[in-house]
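Open the model in your viewer and keep the sequence panel beside it. The stops below are given in the order in which to select them.

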Amino acid sequence: MPYLMKKGFLYDLEDSFDTLMDYRIIFIGEEHESRVSHHAELTILKGLAERDSNLVLALEMFERDVQDILNAYLKGKISEKKFLKQSRPWPNYLEDYRPLIEFAKKKGMPVIAANIRRRAAAAVSVANEISHDVMGEDRIYLPKTVHLKSKQYYKRFASSMEEMPHFTPMKGMKVNGLYKAQVLKDAVMAASVEPFIDRRTLFCCGHFHSDYHLGIPYQLKKNHPKLKIAVIAMASSVENLLMKDRSKVADFIWVEE
């Protein structure tokens, strides 16, 4: 049972897994270089898999065009060496994401390569336009509807751009174009789970893509208003906020002792 405290409910692991079973899509907003984040992802994946044999895993860290390669590896049709050579894994794959992939492979669990290719997002940011022409051959991943009109998300994104160091390459680019590229990523990642919308999905992404139920959850909710979505944030990403504001960021805060 959760413990009622002055600052909210405190769940132990087993209770938290049982509670998460009330949701269809569960987002873990990670901090990419955080060991705590990656430990949380694997722990939650295992906990949910024990309770749901039809669980699906979705990852921001792989792009849509490598889905067939990922599927081939999960089914044992190609070697890990070939998989890594062709799938453009993130630099920290072996340490941080391989455990998720290997667990999914062992369980026969579908894994969604969710993200749009970087070149498509880059083209949109430069053109300040989301369109088939701008996206080129990556147009096949463009959803029918991309929801751009969240004032809260735009404000948060613009603020994050202002806080970037001056030497960051994105610093000199126009915010509107960068924002559209960000929303393109969110919309494509939301669309990637559509084939599995009737199954429970654990979605691992950078926390900006899920904080405040914006980003990917926002795109999904616009298309599926009744979809039950949970967002999990890391304690380190909300520690500078007032306690009353932390619950606005996510439904659950992952805390490690």
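**Stop 1: a helix crossing**

Select helix 6 and helix 9, which cross in a right-handed sense. Helix 6 covers residues 118-127, and its axis comes within 7 Å of the axis of helix 9, at an angle of roughly 145°. Keep in mind that this is a predicted model. Two packed helices are described by the angle between their axes and the distance between the axes.

Now show the side chains at the contact. On helix 6, pick A120, A121, V124 and S125. Facing them on helix 9 are G177, L178, K180, A181, L184 and K185. Coloured by class, this contact between helix 6 and helix 9 has 6 nonpolar, 2 polar and 2 charged residues.

**Stop 2: helix 9 by itself**

Hide helix 6 and keep residues 175-192, which form helix 9. How far apart are the end C-alpha atoms of helix 9? They are 26 Å apart, and this agrees with expectation because 18 residues at 1.5 Å a residue should span 26 Å. Turn on a surface for the whole model: helix 9 is mostly covered, with 13 of its 18 residues buried.

**Stop 3: helix 10 and what it packs against**

Select residues 216-223, which are helix 10, and within it the buried residues I216, P217, Y218, Q219 and L220. Then add the partners of these buried residues: strand 3 (25-30), helix 9, strand 6 (201-206) and strand 7 (229-234).

**Stop 4: two cysteines**

Go next to C204 and C205. How many disulfides does a search of the whole structure find? The search finds 0. C204 is in no disulfide, and the nearest cysteine sulfur to its own, that of C205, is 7.7 Å away. For C205, likewise in no disulfide, the nearest cysteine sulfur is that of C204. The cut-off for a disulfide is 2.5 Å between sulfur atoms.

Are these two cysteines buried or exposed? C204 has 0% relative accessibility and so counts as buried. C205 is buried as well, with a relative accessible area of 0%.

**Stop 5: a tyrosine in helix 3**

Finish at Y73, in helix 3 (residues 67-74). Y73 has a relative accessible area of 3% and is therefore buried; the cut-off is under 20%. To see its surroundings, show I78, S79, E80, F83, I101, E102 and K105, which Y73 touches when residues up to four places away in sequence are not counted. One of these, I101, is 28 residues from Y73 along the chain, and the C-alpha atoms of the pair are separated by 9.5 Å.

Terms used. Residues numbered from 1 in each chain as written. Predicted model: local features only at pLDDT ≥ 70, side-chain atom pairs only at ≥ 80, totals over all residues. Heavy atoms only, no water. Helix = DSSP H or I, 4+ residues; strand = E, 2+ residues; numbered from the N terminus. Expected span 1.5 Å × (residues − 1). Buried < 20%, exposed > 50% of the residue type's maximum accessible area, 1.4 Å probe, protein only. Axes fitted to C-alpha atoms, helices over the stretch in contact; angles between N-to-C directions. Left-handed = near helix turned anticlockwise from the far one by under 90°. Contact = heavy atoms within 4.5 Å. Nonpolar A, V, L, I, M, F, W, Y, C, P; charged D, E, K, R; others polar.
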